[in-house]
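Please examine the protein shown below. The paragraphs after it offer a guided reading of its architecture.

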Amino acid sequence: MKETDTETRPPPVATVEMLTEFGPGDLQDLSDAAEAAIIDGGGFGWISPPPRETLEAFWRGVLIIPERQLFVGRLDGVIAGSCQIQRPPKNNEAQRHTCKLTTNFVAPWGRGHGLSRNLVEIAENHAREEGFKVLTLDVRETQHAAIRLYERLGYVRFGTLPHYAYVRDGYVAGHFYYKELDAA
């Protein structure tokens with residue numbers, strides 16, 4: 001391929017949607033993207049990629065848990081990242097106004113196209129439409145780009161847990177954030 005061929009190629013089309021069922025290739029794409037993010041250090045709890053059947057079972061489980069809503073970001077139709085809104089359990093009336101943003105990642109090969117921001121904003125809008133007033137999240141202190149994004153989007157850090165995660169050979173702190181959705 002000539003250098004001029006790559007210069008004329010249009011940028012990939014980035015889209016975000018709520019996923020309620022897997023289409024052809026979606027489970028594989030989502031698992032591939034998650035595995036790449038885990039290897040890169042953004043593994044939403046995982047330090048090393050689990051066996052593929054475990055990862056696929058995790059994603060299938062997300063779709064059947066009523067308290068979870070899965071949003072995916074695509075580049076030219078291929079899933080490159082995701083996030084979830086986690087609703088409080090039905091027996092938690094006192095916190096029924098609050099939900100959690102979780103499992104937010106974009107594979108390294110999908111970064112730089114606005115997917116992270118779009119995922120968070122669309123998840124926020126959905127939570128707002130569902131009547132939630134506050135969205136919370138937590139993130140490892142090592143995930144600098146995610147922290148910058150959350151803070152730019154108006155999330156307020158309200159605490160840090162020094163022993164949030166144990167990664168490789170030591171503790172990593174985690175930061176806790178919230179955003180008032182009706183004030184946005």
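The account begins with the sheet and then turns to the cores, the aromatic pairs and the salt bridges.

The model is a predicted one. In it, seven strands form an open sheet of mixed pairing, and their order is β1-β2-β3-β4-β5-β7-β6. In general, the strands of a sheet pair through backbone hydrogen bonds, either parallel or antiparallel. The edges of this sheet are occupied by β1 (14–19) and β6 (156–167); each has a single partner strand, so one side of each is left without a neighbour in the sheet. On average, and with direction ignored, neighbouring strands are turned by 25° against each other. At one edge, β1 and β2 pair in the antiparallel sense over six bridges, and Met18 has Phe71 in β2 as its bridge partner. Helix α5 packs on the sheet, where α5 touches β4, β5, β6 and β7. The direction of α5 makes about 160° with that of β5.

The nonpolar interior comes next. In soluble globular proteins, nonpolar side chains tend to be buried together. Here the largest nonpolar core has 25 residues, and those touching the most other members are Ile85, Leu101, Val120, Leu135, Leu137, Tyr150 and Tyr155. Two or more residues of this core come from each of β2 (68–75), β3 (78–86), β4 (98–106), α4 (115–129), β5 (134–140) and α5 (144–152). Of these, α4 gives the most, with five residues. Apart from this core lies another, of 15 residues, with Leu19, Leu55, Val72 and Phe105 among its members.

What does Tyr150 touch, once residues up to four places away in sequence are not counted? The residues concerned are Leu101, Asn104, Val120, Leu137, Val139 and Tyr155. Tyr150 has a relative accessible area of 5%, and it counts as buried because this value is under 20%.

The aromatic side chains supply a further set of contacts. A pair of aromatic rings is described by the distance of the centres and the angle of the planes. The count of aromatic pairs in this model comes to nine. In one of them, the ring centres of Trp59 and Phe105 are 6.2 Å apart and the planes stand at 45°, so the pair is tilted. Since Trp59 belongs to helix α3 (residues 52–64) and Phe105 to strand β4, the pair ties together parts that are 46 residues apart in sequence. Both partners are buried: Trp59 has a relative accessible area of 0%, and Phe105 has one of 5%. A second tilted pair joins Tyr150 and Tyr177, with ring centres 6.4 Å apart and planes at 50°. Tyr150 lies in helix α5 and Tyr177 in strand β7 (residues 170–180), so this pair ties together parts 27 residues apart in sequence. Tyr177 is buried, at 0% relative accessible area. In addition, Trp46, Phe58, Trp59 and Phe105 form one aromatic cluster.

Charged side chains complete the picture. The count of salt bridges comes to 13. One of them joins Arg111 and Asp40, with a distance of 2.6 Å from N to O. This pair links distant parts of the chain, as Arg111 lies in the loop between β4 and α4 and Asp40 in the loop between α2 (26–39) and α3, 71 residues apart. Arg111 is partly exposed at 40% relative accessibility, and Asp40 is partly exposed at 44%.

Within helix α3, Glu56 forms a salt bridge with Arg52, the closest N and O atoms being 3.9 Å apart. Because the two residues are four apart in α3, about one helical turn separates Glu56 and Arg52. Is each partner of this bridge buried or partly exposed? Glu56 counts as buried at 16% relative accessibility, whereas Arg52 is partly exposed at 25%. These two residues also belong to a network of salt bridges that links Asp32, Glu35, Arg52, Glu56 and Arg60.

A further salt bridge is that of Glu151 with Arg157, whose closest N and O atoms are 3.3 Å apart. Glu151 is partly exposed, at 41% relative accessibility, and Arg157 is partly exposed, at 39%.

Key
Residues are numbered from 1 along each chain as its sequence is written. This is a predicted model: local features need pLDDT of at least 70, side-chain atom pairs count only at pLDDT 80 or more; totals for chains, interfaces and linings use all residues. Side-chain values use heavy atoms; hydrogens and water are left out. A nonpolar core is a set of buried Ala, Val, Leu, Ile, Met, Phe, Trp, Tyr and Cys residues joined through side-chain atoms within 4.5 Å. Buried means under 20% relative accessible area, exposed over 50%, partly exposed in between (1.4 Å probe, protein chains only). Contact means heavy atoms within 4.5 Å. Rings of Phe, Tyr and Trp (its six-membered ring) pair if their centres lie within 6.5 Å; planes under 30 degrees apart count as stacked, over 60 as edge-to-face and the rest as tilted. A salt bridge is a side-chain nitrogen of Lys or Arg within 4 Å of a carboxyl oxygen of Asp or Glu. Two strands pair if DSSP finds at least two bridges between them. Axes are lines fitted to C-alpha atoms, for helices over the stretch in contact, and angles run from 0 to 180 degrees between N-to-C directions.
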